[in-house]
Every structure is written in structure tokens, then in C-alpha cells.
Amino acid sequence: FKGGHAKYLFLLNTFPDDSIFRDVVDSPAIDQFGDLRLKFGWGKERVKLAADYQLLAGKGDGFILASSLPGNILVQERIPSDRFRLMDLTHVISENSDSTVAHRLDRLYVDITTTRAVARIGRQAVSWGNGLIYTPMDFFNPFDPAAVDKEYKTGDDMVYGQYLRDNGDDLQAVWVIRRDASGDVSSDVDSIAAKYHGFAGDREFDLLIAQHFDDDILGVGGISNVGGAVWRGDITLTDTQTDRVFSLVTSLSYSWIGWNKNTSGILEYFYNGFGIDDGNYSPAALAANPDLVERIVRGELFTLGRNYVAASALIEMTPLWLLTPNAFINLSDGSMLAQLVSSYDFKQNWQLLAALGIPLGPSGTEFGGIESSLPGKTFSTGLNLFVQLAWYF
């Protein structure tokens, strides 16, 4: 037994008068979640077995929205599903229109290591790319840029390998195995990718080649010092069989002491080649862009527009209290999400994580609320509150 955590999450969302969500639930909508994670491990010499067990429970208006608006790309999945994964390691214990209790294995893998190589087989998580907020090179269950709790990525069933060279460079490769809509294991929906990470003086670079579902992807990225700041960036070129799509992320990060507080800041630009550039996110416009919708449904993209700027600062109010103001701006339509995150370790092994989010923008914009198929109704949300209490053991 390697420890774990227990988390309680409270979510509150408000909806404007023209929001279609008000036709389903009242405003404010309230959800509550519990997450128990137990980590188990066994190892002998160069072989290790790891397993993470999760017991998940949720209740609230978000479940009602998900069941009332099935297939809606803006309504997030409340409990992870293994429908398209190779191994079905999730079991729903009980389920109602407004609640779900389930347990699952989020990690289950065998790890074999030598002095230069690693082979890992089973359910695990991999993160690639140099984007700090937007991550076009990371297409294996990336986090929503506005996600508050990014402690654990949802695992995928894959074969992973890494080889370390004498000069410090390394080569990583993955094969993610999935099931199609019929439940059959199919090469049409798997991912095979390789990434070379190298050093050139005080700079780092990444080279990526992948076949992901029906797409061929090439990527290049790097990290370099620019004065006292750190520059990061990735460029990807995706061949979707019908089009070639270019995406880019680039950022500058810098640390300083301001008002006697340790502070670090990030300014990041994201060009979403799959996004809509004219600010028209109507049902017809989305239907005309199946590549974008497909990636949102798969959980690879979380943005509708073409150009974004994100700004973030991490302020150390005290050694135990971190404050993070964030802004996510859609340059294509002028809307934005303002967010303030607070992380407070108020006691040993206890953490209080809270966030307040306010979407800003006129009706019809991404954060102001995109059009629905009903006249005068939008998929819009207002102020949202996230409060999570975590105990680690």
C-alpha cells in the first residue's frame, strides 16, 4: 500500500436568463463529488507492479444536465468511462438521474526497467509537449486549460517505452489501444507515436511523429532561455486525410519578487488550427467543422476559436498559501474567462483548493454563450465556484 487521498468537491454554477440549461435545472446548479484513491505497488529488482483504485461518487444538477442533453459537446462527462478503452476497469455500483457511484482502476501497469530503458504495459498516463496551458502536442487525455485540479490525468491502456542515450537525450514511444463504437479493438482508433527529446547546448528540443486515429501528426517543440525568462513552444502539423492543419503554442514564463512575494508569470499564445476563426459557433457552423467537434468529443480540444491568449500568475502569499489569477482570452470573438485559484495547505496532509470563474462576453461568443438550436437560447454559464477539500495519507 502506497498511500492515497480522499477528496470532497463542491461545485456551484449560475446560468443567465437566456441559458438553455435553465430549461433543465435551476440556477444556481449544485454538484457534490467524493473521490477516494488508494495506491498499491509491488516491486522486486527491475520489475514493478502499480495499481490505483478509485471509488467515485457524485450527485447534483450536472448529472441531470448530462442525461437531459446527451451528446452535447459542452456538457462534460461526470464519471470517467472505459467504453472506448481496451480494458473495462470501471464498474457503476449505482446510478440515478442525478447521481452515480462507481469504482475503477485508474492505473494498472507492469514496469520493467534497465539502466537505459523503461517498458511499461497497462493503464497509465503520458504527457507530452511544452505548452503550459494549451497542449497541441499532448493528445492523450490532456487537461482542460481551465481545470483547477490537475493532480491526476485519467489513465489510458497503452504500451510505453523509453530509451535513454549517453548524452542525456531520450526516445519515447507509445501505443494506445482502444475500442471502436462497436466495442471491437481496432487499429482505426489506436495511437502509435514516438517522441525524441534532446539537448542542444542549454536548449531542449522535441521531435514528434504519430498516427492518431485516422490522422498523421508531425510535431516539433523546444525550450530556451531568453534573457531571464523561459521560452517554450510546440508546432504540430496534422494530416486529417482531407486537410492539413497547423497548430501552435508558444509562451514566456518569468519569476520575480513583487511586493515581497515570490511570483511567477506565464503569457501563452495558442493557434488552434481546428478552430473557427470568424466567431460563428452556431449549430450549423459546428456541424460544418466535424474535425473540431470530433476532437472536442474525444477530449483532445477544449476550445472553439482559432486564436487564444492566456495569462497566469502564481503568487506565494505565504509558504502554505498560493494564489493564481488566470485569464483565458478568445481573440477571435473577444470573450474571456477570468479565474482566481487559491491553494491553501492549512494543516499537514490537508489542502483546501478553491476557484472562482467568471465568463465574460456578449451572447453568441464562446465564453458569453454560443447559440443553441432554439431561438433566443444559448449554451451560457455565469459565475462558477469550485471548492475542494483533500486529505492525503
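Biologist: Quick one to start: is Leu389 buried, exposed or partly exposed?

Modeller: Leu389 is partly exposed, at a relative accessible area of 32%. Keep in mind that this is a predicted model.

Biologist: Thanks! Where is Leu389 found?

Modeller: In strand E21, which covers residues 384-392.

Biologist: And which residues form a nonpolar patch with Leu389 on the surface?

Modeller: Tyr8, Leu320, Trp321, Tyr344, Phe346 and Leu352 join Leu389 in that patch. Together they have about 600 Å² of accessible area.

Biologist: Let's switch to charges. How many salt bridges does the structure hold?

Modeller: There are 25 salt bridges. One of them pairs Lys59 with Asp98, whose closest N and O atoms are 2.9 Å apart.

Biologist: What does the Lys59 and Asp98 pair tie together?

Modeller: Lys59 lies in strand E3 (residues 47-60), while Asp98 is in the loop between strand E4 (90-96) and strand E5 (99-113), so the bridge ties together parts that are 39 residues apart in sequence.

Biologist: How accessible are Lys59 and Asp98?

Modeller: Lys59 has a relative accessible area of 49%, so it counts as partly exposed. Asp98 is partly exposed as well, at 22% relative accessibility.

Biologist: What about Arg104 and Asp82, buried or exposed?

Modeller: Both Arg104 and Asp82 are buried. Their side chains meet in a salt bridge, 3.2 Å from N to O. The pair links distant parts of the chain, with Arg104 in strand E5 and Asp82 in the loop between helix H1 (61-68) and E4, 22 residues apart.

Biologist: Nice. And what does Asp157 form with Arg123?

Modeller: A salt bridge, with the closest N and O atoms 2.8 Å apart. Asp157 lies in strand E7 (residues 156-164) and Arg123 in strand E6 (residues 117-124), so this bridge ties together parts that are 34 residues apart in sequence. Asp157 and Arg123 are both buried.

Biologist: Which residues are linked in a network of salt bridges?

Modeller: The network links Arg37, Asp52, Asp82, Arg85, Arg104, Asp106, Arg107, Arg123, Asp156 and Asp157. Both of the buried pairs we just went through belong to that network.

Biologist: New topic: helix H3. Which residues are buried there?

Modeller: In H3, residues 290-297, the buried ones include Leu292, Arg295 and Ile296. Looking down the axis of H3, its buried residues fall within an arc of 100°, so they line one face of the helix.

Biologist: Why would residues three or four places apart point the same way?

Modeller: An α-helix has 3.6 residues a turn, so residues at that spacing point the same way.

Biologist: What is on the other side of H3, and what covers the buried residues?

Modeller: Pro290 and Val297 are exposed on the other side. The cover over the buried residues of H3 includes strand E11 (215-226), strand E12 (229-239) and helix H2 (283-287).

Biologist: And what follows H3?

Modeller: Gly299, which has a positive phi near 80°.

Biologist: Last topic, the largest nonpolar core. Which residues touch the most other members?

Modeller: Of its 29 residues, those are Phe21, Tyr134, Leu292, Leu304 and Phe328. The elements giving two or more residues to this core are strand E13 (244-258), H3 and strand E15 (307-318).

Biologist: What does Leu304 touch?

Modeller: Leaving out residues up to four places away in sequence, Leu304 touches Gly275, Ile276, Tyr281, Leu286, Leu292, Ile296, Glu366 and Ile370. Apart from the largest core lies another one, of 13 residues, among them Trp128, Val176, Ala210 and Ile217.

Notes
Residues are numbered from 1 along each chain as its sequence is written. This is a predicted model: local features need pLDDT of at least 70, side-chain atom pairs count only at pLDDT 80 or more; totals for chains, interfaces and linings use all residues. Side-chain values use heavy atoms; hydrogens and water are left out. A salt bridge is a side-chain nitrogen of Lys or Arg within 4 Å of a carboxyl oxygen of Asp or Glu. Helices (H or I, at least four residues) and strands (E, at least two) are DSSP runs, numbered from the N terminus. Buried means under 20% relative accessible area, exposed over 50%, partly exposed in between (1.4 Å probe, protein chains only). Patches are made of residues with over 30% relative accessible area and no salt bridge: like charges are joined within 9 Å, nonpolar side chains (Val, Leu, Ile, Met, Phe, Trp, Tyr) within 5 Å. Accessible areas come from the Shrake-Rupley method with a 1.4 Å probe; for residues, only the protein chains shown count as cover. The arc is that of the directions from the helix axis to the C-beta atoms. Contact means heavy atoms within 4.5 Å. A nonpolar core is a set of buried Ala, Val, Leu, Ile, Met, Phe, Trp, Tyr and Cys residues joined through side-chain atoms within 4.5 Å.
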